[in-house]
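Dear colleague,

I am handing over the structure we spoke about, and the sequence and coordinates follow directly below. After them I have written out what was found, arranged so that you can check each point while you have the structure open.

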Amino acid sequence: MAEVVLESQITCPHCSHAAVEVMPTTACQFFYECTACGQVLSPKAGDCCVYCSYGTVPCPPIQDEKPCCGGVASSAA
């Protein structure tokens with residue numbers, strides 16, 4: 001099994017600003033405030049967290065093919 005990647009570059013769909021962030025391993029991150037424009041991002045329909053929607057790497061549970069936050073594991077990545 002591959003090692004879980006904890007850093008993901010999250011890109012704001014409003015202003016295209018990108019920032020590398022460390023993903024939490026003990027909880028889903030439902031909201032993310034863009035450090036450039038201040039827009040608060042939330043997951044797209046069907047995604048469990050902002051990293052799965054706007055990041056370059058899906059969240060740790062999805063990478064491990066496990067349910068994220070009580071949901072069903074998706075086929076992301």
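The accessible surface of the protein comes to about 4700 Å², and carbon and sulfur atoms supply 52% of that area. Please keep in mind throughout that this is a predicted model, and that the values below are computed from it. Of the 77 residues in the protein, 29% are buried. One nonpolar patch was found on the surface, with an area of about 320 Å², and the residues that make it are Phe 30, Phe 31 and Val 40. Phe 30 belongs to the loop between strand 2 and strand 3, and with a relative accessibility of 42% it is classed as partly exposed.

As for the overall layout, the protein contains 4 strands and 2 helices, and read from the N terminus the elements follow the order β-β-β-β-α-α. When contacts are restricted to residues at least 6 apart in sequence, 33% of them join residues at least 24 apart.

Strand 1 covers residues 7-11 and includes Ser 8, which has a relative accessible area of 1% and therefore counts as buried. The side chain of Ser 8 reaches the backbone nitrogen of Val 57 at a distance of 3.1 Å. Beyond its neighbours within four places in sequence, Ser 8 is in contact with Ala 19, Val 20, Glu 21, Met 23, Tyr 51, Gly 55, Thr 56 and Val 57.

A second serine with a side chain that reaches a backbone nitrogen is Ser 53, where the partner is Lys 44 and the distance is 2.8 Å. Ser 53 sits in helix 1, which spans residues 50-54, and at 12% relative accessibility it is buried, since the limit for that class is under 20%. Once neighbours within four places in sequence are set aside, the contacts of Ser 53 are with Pro 43, Lys 44 and Asp 47.

Tyr 32, in strand 3, is another residue that I would ask you to look at. Its relative accessible area is 9%, so Tyr 32 is buried, and its side chain makes a polar contact of 2.8 Å with the side chain of Glu 21. Not counting residues up to four places away in sequence, Tyr 32 touches Ile 10, Ala 19, Glu 21, Gln 39, Val 40, Leu 41 and Val 50. The C-alpha atoms of Tyr 32 and Ser 42 are separated by 6.8 Å, with these positions 10 residues apart along the chain as the sequence offset.

Gln 39, one of the residues touched by Tyr 32, is located in the loop between strand 3 and strand 4 and is partly exposed, with a relative accessible area of 34%. Its C-alpha atom is 8.1 Å from that of Cys 12, although the two residues are 27 apart along the chain. Apart from neighbours within four places in sequence, Gln 39 is in contact with His 14, Tyr 32, Glu 33 and Cys 34.

Since the sequence contains cysteines, you may wonder how many disulfides a search of the whole structure finds. The search finds 0 disulfides. For Cys 37, the closest cysteine sulfur is the one in Cys 12, at 3.8 Å, and because a disulfide requires sulfur atoms within 2.5 Å, this pair is too far apart for a bond. Cys 37 is partly exposed, at 40% relative accessibility, whereas Cys 48 is buried, with a relative accessible area of 18%.

Finally, there are two backbone angles that you may wish to inspect. Ser 16, in the loop between strand 1 and strand 2, has a phi near 70°, which is a positive value in a residue other than glycine. Glu 65, in the segment after helix 2, likewise has a positive phi, near 60°, and is not a glycine. Ser 16 is exposed at 57% relative accessibility, and Glu 65 is exposed as well, with a relative accessible area of 67%.

With kind regards

Definitions and conventions
Residues numbered from 1 in each chain as written. Predicted model: local features only at pLDDT ≥ 70, side-chain atom pairs only at ≥ 80, totals over all residues. Heavy atoms only, no water. Buried < 20%, exposed > 50% of the residue type's maximum accessible area, 1.4 Å probe, protein only. Contact = heavy atoms within 4.5 Å. Areas by Shrake-Rupley, 256 points an atom, 1.4 Å probe, with all protein chains shown as cover. Polar contact = N/O pair within 3.5 Å; in protein donor to acceptor, adjacent residues only side chain to side chain. Patch = residues over 30% accessible without salt bridge, like charges linked within 9 Å, V, L, I, M, F, W, Y side chains within 5 Å. Salt bridge = Lys/Arg side-chain N within 4 Å of Asp/Glu carboxyl O.
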